[in-house]
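Let us walk through this structure step by step, beginning with one pair of residues and widening the view from there.

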Amino acid sequence: MSDHDPRLAELLSDAVSDIEPADHLDAIRDRTKVIPMTSRRPWYLVAGGAAIATAAVITAIALASNQDSPSVDPLPPGTSPTGAVDPTPTGGSTDPAVPTLTVAGYYLGATSSGTGLYREFIQVPANDPLSAAVLALETAPSDPDYRTPWPAGSFSDAGFDGVGDNGVVSVVLADASLHDRPAGMSQAEAEAAIQQVVYTLQAAVRTRAPVQFMFNGNPIDQVLGVPTSEPLANASPLATLSHVSISDPAEGASVSGSLEANGVANSFEANVGWEIRQGDQVISNGSFMADGYMDDKLFPWHTTIDISSLAPGTYTFAVMEDDPSAGAEGNGPDTDTRTIVVE
Amino acid sequence: MPAGTAVSDRPAWGADEAVEQLYAAHWRQLVRLSVLLVRDTGSAEEIVQDAFVAVHGRWSKLRDPDLALAYLRQAVVNRSRSALRHRAVVERHAARERLPADVPGADESALISDRRAAVLDAMRVLPQRQREVLALRYYLDLSESEIADALGISRGAVKSHASRGSAALRELLADQLGDQPDTHPQPNGEEQ
């Protein structure tokens, strides 16, 4: 480094040369033996005083209500041509030692029934799927309709101690301020954010194992104000996820001739509608069938749309839930959109 | 860092052993690094303890003492940053500072402790990133690319933070840097 000043190096080293830290090896050994399930409070809770301490109301979490139907693979094979968790050779990553992984990230977005989760496949530099999933949670999705409430540095680690649906996925918070629900975030949004983590990590390990939030080596009693003392199961997919989600095309994809699209949906009688729009104007529309609809899960769909008659330009590709009542009942259809560029 | 080399020769550790070896070699240095970032020793110990717990949980993926050390450094910097956001650190620091402040003295040890306090105070004045870059650069003697990796920023950003931070620190510590040689010993042999 060009700007190396030996006098500053000396001053900084000298400034801490009299610091003799106390021995914490026993405390570290103690915390790394087994995952202790006793609620030893992290230091900041003690420091935070009574107000936070009384918030440590242990709410029983429905571990047993795991959505464990075996066909509910978060990543049905073949739903995305990019593959679910393909280690691909390093692209433009800054660190040549870290490969780029494609993972399914879940992101918050508006649905007909409030804030729901949309899935987007995202590429991040990581060595393993769980690290990639954590990074995906902290990375802004490319679709501007989605968002993530988790800033960079929210999590330090994630792990999975089991096989299949047995075991617990753990995710370690790095930032103590995430304990409480921030001002301006609704309860529903906080709950969606927690489910976002659950769904994204479950997708990474390809199981429905419950997810335990940890801090300082212990389970943390709440995250964003949502009770997390116990491992959390994923909530009902139809109550949590947007009923339609586009996997391909990606946001801003260039297409010509025909548009190959796929994703997941749960729509009345498996009918899924699509539109290609320019501004407010619907240029063309149609529908196709998803693989099913009679279950609490999303079903893969795939369709090919002839776009050879479209003039080059930027369009919106929209896929929507079928609404047989035409808006007379319920909250109207869920819709997912992608910007596409026709060449 | 001579202590780091001893660790690199034995690859087949379990997580417990790895943590013990890393602790023996780096505990003090990492706490001191964190003190440069958060100032308060008690908080620094907590932060580094958390980092060791985290590296234990991650050992099965790291499996390499050098990677583990890089992870530890990164964890210490990140956690120091998070801790600073938390008022508890500030409050504890304030409480701690009140104690030694009323111990007067004009002898050499008082001058030394004044100088050390001035350096830590100056670090706290710097923007977060500059402080982190300077601590990794000047205290741990990391290279530009090692700092870029630890902080997750580009080498260009490291360069710019280092340059601005150094200039700011030189200005803040003008008194210390202009000190007489007898009250400010220079073991690195920098003679006038």
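**From one bridge to the cores**

In chain A, residue A:A261 has A:T303 of strand β15(A) as its bridge partner. The model is predicted, so to speak with care: local features need pLDDT of at least 70 and side-chain atom pairs count only at pLDDT 80 or more, while totals for chains, interfaces and linings use all residues. Side-chain values use heavy atoms, with hydrogens and water left out, residues are numbered from 1 along each chain as its sequence is written, and chains are lettered from A and ligands numbered from 1 in the order in which they are written.

Strand β12 of chain A (residues 258-265) is joined to β15(A) by eight bridges, and the two run antiparallel; strands here are DSSP runs of E with at least two residues, helices runs of H or I with at least four, numbered from the N terminus, and two strands pair if DSSP finds at least two bridges between them. An open sheet of three strands results in the order β10-β12-β15 of chain A, with antiparallel pairing. Because β10 (244-248) and β15 (299-306) of chain A each have a single partner strand, they stand at the edges, and one side of each lacks a neighbour in the sheet.

The largest nonpolar core has 63 residues, and A:L12, B:L33 and B:L136 are among those with the most contacts inside it; such a core is a set of buried Ala, Val, Leu, Ile, Met, Phe, Trp, Tyr and Cys residues joined through side-chain atoms within 4.5 Å, where buried means under 20% relative accessible area (1.4 Å probe, protein chains only). Its largest share, 12 residues, comes from helix α2 (residues 15-38) of chain B.

Methods
Buried < 20%, exposed > 50% of the residue type's maximum accessible area, 1.4 Å probe, protein only.
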